[in-house]
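This briefing covers the side-chain contacts of a single model, arranged by topic. Charged pairs are taken up before aromatic pairs and the nonpolar core.

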Amino acid sequence: MSLPQDESRQLAPPSGRHPADPDGRPGVEDALPLESLRIVPARHPGRWAATAVVAVLLAMVVSSLVTNERWEWDVVATYLTWPSVLEGAWATIRLTLVASVVGFALGTVLALMRLSRSPLLQSVSWTYTWVFRSVPLLLQLLLWYNLAYLYPHLSLGIPFGPELVWFDTLSVIDKFWAAILGLGLSQAAYSAEIVRAGILSVDQGQQEAAASLGIPRRRQVSRIILPQAMRSIVPTAVNEVIGLLKGTSIVYVLAYGELFYIVSVIYGRNGRVVPLLIVASIWYLVLTTLITVVQYYVERHYAKGAVRTLPPTPLQKARWTVLVWVSRLSGRPVPPSVPPAYAARARVGVLTRTARTAGGAA
């Protein structure tokens, strides 16, 4: 009899019968027919005790949130979709998207420079990472916002020669781009180490095999190394993106209208500090959840070459669970689309009912 790994069951003799024969010889239960055995669930007292404790604590938290009027959930509901709050949330999304693209694009280049055989490229990459990881993000934001003090005009031209094109710094580096430069360039220093670690995690034999086949270095990186390194890069990279999303709140020092700045302006006017902070927390929670969902599917995509069977999606798990329960309640066979690990749960239910029916008839 095969049982799924997550179903813990024990075989027990029918009530009123002892597993030993009248002569006291053990092992007679092996000779008993399968229909006379009763399938009973294994006892897990520790699990039930822990579940009860957690359930009580969870009930206390929910009761506190519902009964304490100082949370002011009506104010939270009012400002959750307030137009200025929605604009602040959209500004936070824009900052996160643009800064992530800048940070990981530049970080990938820096990682490849660090792994290059050129001493100059290695030195430049190491120095960049060292400087931008050492300087606090708040200080970087203020420096970029005051760049016009150092350079009133930005120009493109020949070094130590004539200027071909020049721009007014204040017209180019506004609050948004100062925030992007601060967040993106700082993120690039961390992204470079993440990408470098992912590339180093790929077996060196893969690179040697590709080189022996005469594959160009650029194609080795884009087609062989990076796809395999993504399995190590994605989890840490998503953590950095989530940190960047929350780190956009520090842009309030530039008076840019992102989510936290808008919320702070509102509670500075009406004095409802806690409800407005909860509004911001809910929005950060929603945005972080969306990023986590995207992370799951990206990891699933890059797992194609490493696992025999891709992990099921949440929708697939829910559909298979419903089909199993329908099979257990109705006695119908499980559809072939349900994997064996889930279909075995339905067989446990059928065996249990069969054993109970046989025991009652006896």
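Arg114 has a relative accessibility of 24% and therefore counts as partly exposed. The model in which this residue is described is a predicted one. Through salt bridges with shared partners, Arg114 belongs to one network with Glu193 and Arg196.

**Salt bridges**

- The count of salt bridges in the model comes to three.
- Arg114 pairs with Glu193, and the closest N and O atoms of this salt bridge are 3.3 Å apart.
- Because Arg114 lies in helix α3 and Glu193 in helix α8, this pair ties together parts that are 79 residues apart in sequence.
- Glu193 also forms a salt bridge with Arg196, with 2.8 Å between the closest N and O atoms.
- Helix α8 holds both Glu193 and Arg196, which are three residues apart, about one turn of the helix.
- A further salt bridge joins Glu72 to Arg272, where the closest N and O atoms are 3.0 Å apart.
- Glu72 lies in the loop between α1 (45–67) and α2 (73–80), and Arg272 in the loop between α11 and α12, so this salt bridge ties together parts that are 200 residues apart in sequence.
- Glu72 is partly exposed, with a relative accessible area of 23%, and Arg272 is likewise partly exposed, at 34% relative accessibility.

**Aromatic pairs**

- The count of aromatic pairs comes to eight.
- Phe176 and Tyr256 form a tilted pair, with 6.0 Å from centre to centre and 50 degrees between the planes.
- Since Phe176 lies in helix α8 and Tyr256 in the loop between α10 and α11 (259–270), the pair ties together parts that are 80 residues apart in sequence.
- Phe176 has a relative accessibility of 16%, so it counts as buried; the limit for this class is under 20% relative accessible area.
- Tyr256 is buried as well, its relative accessible area being 12%.
- Tyr252 and Phe260 form an edge-to-face pair, in which the centres are 5.7 Å apart and the planes are at 75 degrees.
- Tyr252 is partly exposed, with a relative accessible area of 41%, and Phe260 counts as partly exposed at 23% relative accessibility.
- Ring pairs also link Phe176 and Tyr256 with Trp177 in a cluster.

**Nonpolar core**

- The largest nonpolar core consists of 18 residues.
- Within this core, the residues that touch the most other members are Val195, Ile199, Ile225, Ala229, Ile233, Val238 and Ile291.
- Two or more residues of the core come from each of the elements α3 (83–114), α8 (175–200), α10 (217–247) and α12 (273–302).
- Helix α10 gives the largest share of the core, namely ten residues.
- Ile233 touches Ile194, Val195 and Gly198, when residues up to four places away in sequence are not counted.

**Elements that recur**

- Helix α8 appears under each topic: Glu193 and Arg196 lie in it, Phe176 lies in it, and it is among the elements that give two or more residues to the largest nonpolar core.
- Helix α3 holds Arg114 of the salt-bridge pair with Glu193, and α3 also gives two or more residues to the core.

Conventions. Residues are numbered from 1 along each chain as its sequence is written. This is a predicted model: local features need pLDDT of at least 70, side-chain atom pairs count only at pLDDT 80 or more; totals for chains, interfaces and linings use all residues. Side-chain values use heavy atoms; hydrogens and water are left out. A nonpolar core is a set of buried Ala, Val, Leu, Ile, Met, Phe, Trp, Tyr and Cys residues joined through side-chain atoms within 4.5 Å. Buried means under 20% relative accessible area, exposed over 50%, partly exposed in between (1.4 Å probe, protein chains only). Helices (H or I, at least four residues) and strands (E, at least two) are DSSP runs, numbered from the N terminus. Contact means heavy atoms within 4.5 Å. Rings of Phe, Tyr and Trp (its six-membered ring) pair if their centres lie within 6.5 Å; planes under 30 degrees apart count as stacked, over 60 as edge-to-face and the rest as tilted. A salt bridge is a side-chain nitrogen of Lys or Arg within 4 Å of a carboxyl oxygen of Asp or Glu.
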